[in-house]
Amino acid sequence: FSDSFALALARSFVAMGREIVFLCSGETEGDARNALDGWTDADLTARGAVDAEKAGALLKAKGCGFDVVFTSVMKRSVKTAWAATGACDSCAMPIINSWRLNDRHYGELQGMERAEAAKMCDLSAVDVAPPRLDCSDGRHPCNDAAYASVPRRSLPGGESVKELCERVRPIWDDSIGPCVMAGKRVLVVAHKDSLRVLSMLVMGLTAEEAFRLDIQPAVPLFYELDDSMTCVKNYPLDSSMLPSGGFKVCMYSKKPCDEELAAAFEAEFPGSFSFDNACTPATAAWCRGAQAVCLYIHDECGADVVATFKDLGVKLILLRCRHHDKLDLASCDAAGIKVVSVKDVVADPIGEHALSLAVCLNRRLQRASNRTRDDNYMLGGLVGIDFNAKTCGIVGTGVSGLAAARCFAAFGMSVLCCGPETLADEFAALGAKFVSLAELYAASDVVSLHVRLSPETKHMVDDAAIAAMKPGVILINVSRGGLVNTDALIDGLFSGHVGGAGLDVYHGQEKLFWRDWSKERISDQCASFDAKFLKLINL
């Protein structure tokens with residue numbers, strides 16, 4: 001048993017493999033101006049220190065811990081190691097400093113900008129060394145107390161790529177490699193060129209191939225090795241690779257009434273954020289960092305916006321409205337972005353709201369309220385009709401149309417409906433009858449719209465449609481403003497053919513709604529209100 005158990009453990013260990021993490025030191029002043037720091041003991045910039053902490057946070061989020069850390073003796077490498085291990089709460093391990101992990105020594109070219117240095121020496125050539133410093137030069141490391149324990153002949157005054165490889169290799173063979181082989185979790189914090197040498201050894205590259213590797217400051221590089229210490233996988237770690245706990249939602253077009261929802265998103269998915277601005281091609285990139293976006297009725301989500309969402313890693317679009325005619329569903333499908341709306345959740349409130357608008361108009365409740373406020377208790381002009389035994393026409397037979405049909409039927413009204421018969425059984429249970437749109441218009445005392453806005457349905461209620469309706473009809477629109485031609489509606493109201501219009505929506509409402517105009521100057525109101533809207537609200 002013990003032998004087979006030991007074998008199982010060994011197989012498990014081999015299958016699991018080994019992993020080593022390389023981390024390039026953070027930005028220095030030399031990096032910021034694209035200069036050669038080399039063995040100059042440059043310190044981290046403020047950005048470099050922050051980036052090192054961010055690298056540690058990424059390592060922590062991935063669940064990394066380390067048994068041993070190797071760094072160079074240069075302060076930018078040491079401080080990066082401190083910041084990264086501190087940020088990932090991995091502090092109880094030895095940190096081994098070695099001059100062999102120092103950056104490449106650029107000799108007399110140290111401190112020069114790379115473009116200027118390239119004119120003097122081909123630094124990419126494996127066998128070419130820059131002009132070397134003489135031991136009498138104060139900049140030579142043999143004159144630095146930090147290297148007093150290193151044999152004088154081993155300290156470079158400048159080195160080629162080949163010489164750098166010869167300097168770095170012993171620490172891999174004698175220290176880092178054996179730790180990884182023993183199953184230790186190893187972090188190496190060094191410099192671009194010394195890490196290129198280590199990558200060459202781990203990945204089996206040539207020096208020329210290794211020195212073409214793009215190694216970025218403070219970006220953790222993971223190398224997975226098999227039991228023969230052969231690299232089987234390598235990748236940089238960035239925030240997009242973190243666990244799903246980093247899920248965030250970006251809300252566009254946030255209104256005062258959306259504050260509670262925005263707070264809920266932030267509580268449930270820490271780091272979520274919101275904008276008062278609408279989503280447009282110009283603002284689509286503002287969602288960077290979020291995996292889901294929450295859109296409202298006037299937010300634009302055409303093919304160009306969807307392409308931006310895809311590039312930024314958005315996986316989900318949440319619609320806090322029932323229909324969205326500015327959403328390109330085909331593009332979302334092609335981009336692999338799922339779309340979810342509230343169409344089934346809010347059906348009953350929409351039906352009840354349609355009924356409320358009809359009752360308010362029929363019984364002149366708004367006029368009665370105004371009279372009461374003025375201490376006028378006369379009843380003239382407030383008498384409506386009995387809805388019982390009258391007819392309601394439901395245009396649109398989805399879930400909100402069905403909800404409205406239930407409400408009007410509860411008042412004893414006969415229900416006519418026009419639309420797809422997907423919910424035919426549910427409508428039949430209410431005694432509703434499917435008819436043509438012309439029949440519905442001609443027979444209905446109340447017409448309630450519950451259809452999507454599309455090129456086919458835009459301005460479906462026009463002069464001809466109103467003329468076909470029953471005189472004195474009450475028109476209800478709780479769907480989209482563009483379904484109704486405003487000019488035709490105004491003419492119908494002025495002529496009396498339309499007895500009342502209950503509008504939850506208005507074509508052009510994005511410029512008017514969700515704003516307290518009572519606090520605005522009259523001149524601002526006149527500049528923003530269109531003449532048609534002013535006519536409607538004063539009828």
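## The β16–β17 pair

Strands β16 (residues 473–477) and β17 (residues 498–503) run parallel in this predicted model, and 5 bridges join them. If you want a place to start looking, Val473 stands opposite Val498 of β17. The link between the two strands includes helix α18 (residues 486–495), and β16, α18 and β17 together make a right-handed β-α-β unit.

On the way from β16 to α18 there's a loop, and Arg480 is in it. Buried or exposed, then, for Arg480? It counts as buried, because its relative accessibility is 8%, under the 20% cut-off. Setting aside neighbours within four places in sequence, Arg480 is in contact with Ile297, Asp325, Leu453 and Val505.

## The chain as a whole

Stepping back, the protein chain has 20 helices and 17 strands. It runs to 539 residues, and 45% of them count as buried. The accessible surface comes to about 26800 Å², with 53% of that belonging to carbon and sulfur atoms.

How do the contacts spread along the sequence? Take those in the chain with a separation of 6 or more: 67% of them are between residues 24 or more positions apart.

## The largest nonpolar core

In soluble globular proteins, nonpolar side chains tend to be buried together. Here the largest nonpolar core has 33 residues. Ile20, Phe22, Ile176, Val188 and Leu198 are the ones with the most contacts inside this core. The elements giving two or more residues to the core are β1 (18–24), β2 (68–71), α6 (161–181), β4 (186–190), α7 (192–203), α8 (207–210) and β5 (221–225). Which of them gives the largest share? That's α6, with 8 residues.

Phe22 is a good residue to click on. Not counting residues up to four places away in sequence, Phe22 touches Val188, Leu195, Leu198, Ser199, Val202, Val219, Pro220, Leu221 and Tyr223.

## Helix α7, mostly wrapped up

Helix α7 has 12 residues and reaches 16 Å from its first C-alpha to its last, close to the 16 Å expected at 1.5 Å a residue. Why call α7 largely enclosed by the rest of the structure? Because 10 of its 12 residues are buried. These are Asp193, Ser194, Leu195, Arg196, Val197, Leu198, Ser199, Met200, Leu201 and Val202.

As for what surrounds them, the buried residues of α7 pack against β1, α6, β4, α8, β5 and β6 (231–236). Just after the helix, Gly204 takes a positive phi of about 70 degrees.

## Glu19 on strand β1

Glu19 is also part of the β1 story, since that strand is where Glu19 is found. At 31% relative accessibility, Glu19 counts as partly exposed. Its contacts, leaving aside neighbours within four places in sequence, are Lys62, Lys184, Val186, Phe222, Tyr223, Glu224 and Tyr235.

There's a long sequence gap to look at here too: Glu19 and Met181 are 162 residues apart in sequence and 9.6 Å apart in space, C-alpha to C-alpha.

## A five-stranded parallel sheet

Elsewhere you'll find an open sheet of 5 strands, in the order β8-β7-β9-β10-β11, with parallel pairing. Which strands stand at the edges? They are β8 (273–274) and β11 (338–341), and each has a single partner strand, so one side of each is left without a neighbour in the sheet.

The partner of β8 is β7 (residues 249–251), paired in the parallel sense over 2 bridges. One detail to pick out: Met251 has Ser274 of β8 as its bridge partner.

## Two residues with positive phi

Follow the chain out of β7 and the loop towards α9 (259–268) holds Ser253. Ser253 has a positive phi of about 55 degrees although it is not a glycine. With a relative accessible area of 6%, Ser253 is buried.

Asp375 is another non-glycine residue with positive phi, near 60 degrees. Asp375 lies in the loop between α13 (365–373) and β12 (391–395). Its setting is an open one in terms of accessibility: at 59%, Asp375 counts as exposed.

Conventions
Residues are numbered from 1 along each chain as its sequence is written. This is a predicted model: local features need pLDDT of at least 70, side-chain atom pairs count only at pLDDT 80 or more; totals for chains, interfaces and linings use all residues. Side-chain values use heavy atoms; hydrogens and water are left out. Helices (H or I, at least four residues) and strands (E, at least two) are DSSP runs, numbered from the N terminus. Buried means under 20% relative accessible area, exposed over 50%, partly exposed in between (1.4 Å probe, protein chains only). Contact means heavy atoms within 4.5 Å. Accessible areas come from the Shrake-Rupley method with a 1.4 Å probe; for residues, only the protein chains shown count as cover. A nonpolar core is a set of buried Ala, Val, Leu, Ile, Met, Phe, Trp, Tyr and Cys residues joined through side-chain atoms within 4.5 Å. The expected span of a helix is 1.5 Å times one less than its number of residues. Two strands pair if DSSP finds at least two bridges between them. A crossover is right-handed if, with the strands pointing away from the viewer, the path from the first strand over the helix to the second runs clockwise.
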